[in-house]
Amino acid sequence: MVTSYWCELAWVPPGEVAEGVLVTVADGRFNDIVRDVPAPPPGAERLDGLTLPGMANAHSHAFHRALRGITHGGGLEGEASFWTWREQMYSVADRLDPDTYLSLARATYAEMAMAGITAVGEFHYLHHAPGGVPYSDPNAMGHALIQAATEAGLRISLIDACYLSGGVGMPLTGAQRRFGDGDAERWAVRAEALASAYKGEPAVEVGVAIHSVRAVAPEQMRTVVAFSDHHAVPLHAHVSEQRAENSACVEMYSATPVQVLHEHGALGPRSTAVHATHLSDVDIALLGQSGTHVCMCPTTERDLADGIGQARTLFEAGSPITLGTDSNAIIDMFEEARAVELGERLATERRCHWTAAELLSAATSTGHASLGFPDGGTLCPGAWADLVSVRLDSVRTAGATVARAADAVVFGAAAADVHSVVSGGRRVVAGGNHVLGDVGAMLAEAIGQVR
């Protein structure tokens, strides 16, 4: 079956806004894209505003959505830091099971779909039952996440994380015991079973992660790298998010986290360094020369007071930049995109580091590629048929011109301005509403089960 859409405006390669774009879709892929069509032909659905390719959320922890609104303040009651936030996160993690995780993730992914996200990179480390006891199916939690994404209308790259220690040289304790497999070899056995279960599923990629240098000792990293190399799948890692992480790593290994990853073969074009906030010049050169992606998560990094990363410097060194919502304190890819630019303005006291087209590329095609979906995030024949239409007549976007429509969206729009989403040829959002129903109610119920 062939479906057609007529876009009032569309963001098309090589990164420009075109008027009157007719798109035809067959079997979940773009069949043809024709520009300069003055009006919708018979049978074509009209998409008003600016239509973008689907966006890729390159780094998410779905269960963190339950923390929104309760972990952000500290005030006079006591110190609030990344480390105190982490303890609150662990308490939520310890209350989840496959059923409640399915409900929470499905609602969270539906919220993402409403924000124009059509692919998610789920950095998954909540593997086992409380105490670290495996479920009867050791991948029950991973299956729940994949089912949730499928039902919400997203492709998913499940980035299965190896997580073996509670800090550099420290054992897992408390809720952390749910994250660990004992050693990298046992992690690989479980990850292999997960990958085998979804072999041949085009909308599911099973990638891998070295959670961080805090959680995986160098001698264990080679097993994770070998898995990524053997299966040719993405390899992600949290890197230098906190200065304390760097200090502990240097004290233990006489090297920075980036240097440790480099020495153990974990950098390269399939790899993504998440955050990469506190880097040396050597770190930047290693990441750039290896072509390692860097995923910036500005709304989480500012919420946790992590700092402002050197995104432009990394990009110019050779690292493609992607975007993620990480803790899901906010799910809005436009906010993530503009925060990359605005954060650098604050850090450098200069304006205009990034163009709207560069930031949109980070949110679309580059993000998809980093998740193992190189045929997503672009309006080209043969690519995944994702269409995200953004209002240009809302209180945030009114006054946009055709010539500067991309700027109006990147620097002014919000997730709430997304009115239509087609993901893989499947309609998932219409009139700003998700096909699953009242996502706010779904979130409230799911979060209530685990708080």
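Q: What makes a residue count as buried?
A: A residue is called buried when its relative accessible area is under 20%. Keep in mind that this is a predicted model.

Q: Why is strand S1 said to be largely enclosed by the rest of the structure?
A: S1 covers residues 2–12, and eight of its 11 residues are buried, so the rest of the structure largely encloses this strand.

Q: How do you know that S1 pairs with strand S2, residues 16–26?
A: Pairing takes at least two bridges between two strands. S1 and S2 share 10 bridges and run antiparallel, so they pass the test. For one such contact, take Trp11, whose bridge partner in S2 is Val17. The two strands make a hairpin with three residues between them, and Gly15 in that turn has a positive phi of about 110°.

Q: What makes S1 and strand S4, residues 45–52, a pair?
A: Five bridges join them, in the parallel sense. Pairing needs at least two, so S1 and S4 qualify. Within this pairing, Cys7 sits opposite Leu47 of S4.

Q: Why is the contact between Arg214 and Glu245 called a salt bridge?
A: The closest N and O atoms of Arg214 and Glu245 are 3.1 Å apart. The limit is 4 Å, so the contact counts. Arg214 is in the loop between strand S8 (204–210) and helix H5 (218–231), while Glu245 belongs to helix H6 (residues 243–253), so the salt bridge ties together parts 31 residues apart in sequence.

Q: Are Arg214 and Glu245 buried or exposed?
A: Arg214 has 11% relative accessibility, so it counts as buried. Glu245 comes in at 1% and is buried too.

Q: How do you know that Arg396 and Asp417 form a salt bridge?
A: Their closest N and O atoms are 2.8 Å apart, and anything within 4 Å will do. This pair links distant parts of the chain, 21 residues apart: Arg396 is in the loop between strand S13 (387–390) and helix H14 (405–412), and Asp417 is in the loop between H14 and strand S14 (418–423). As for accessibility, Arg396 is partly exposed at 39%, whereas Asp417 is buried at 0%.

Q: Why is Asp183 called partly exposed?
A: Partly exposed residues fall between the 20% and 50% cut-offs. Asp183 has 22% relative accessibility, so that label fits. Its side chain meets that of Arg186 in a salt bridge, with N to O at 3.3 Å.

Q: How many salt bridges does this rule give in total?
A: The count is 21.

Technical notes:
Residues are numbered from 1 along each chain as its sequence is written. This is a predicted model: local features need pLDDT of at least 70, side-chain atom pairs count only at pLDDT 80 or more; totals for chains, interfaces and linings use all residues. Side-chain values use heavy atoms; hydrogens and water are left out. Buried means under 20% relative accessible area, exposed over 50%, partly exposed in between (1.4 Å probe, protein chains only). Helices (H or I, at least four residues) and strands (E, at least two) are DSSP runs, numbered from the N terminus.
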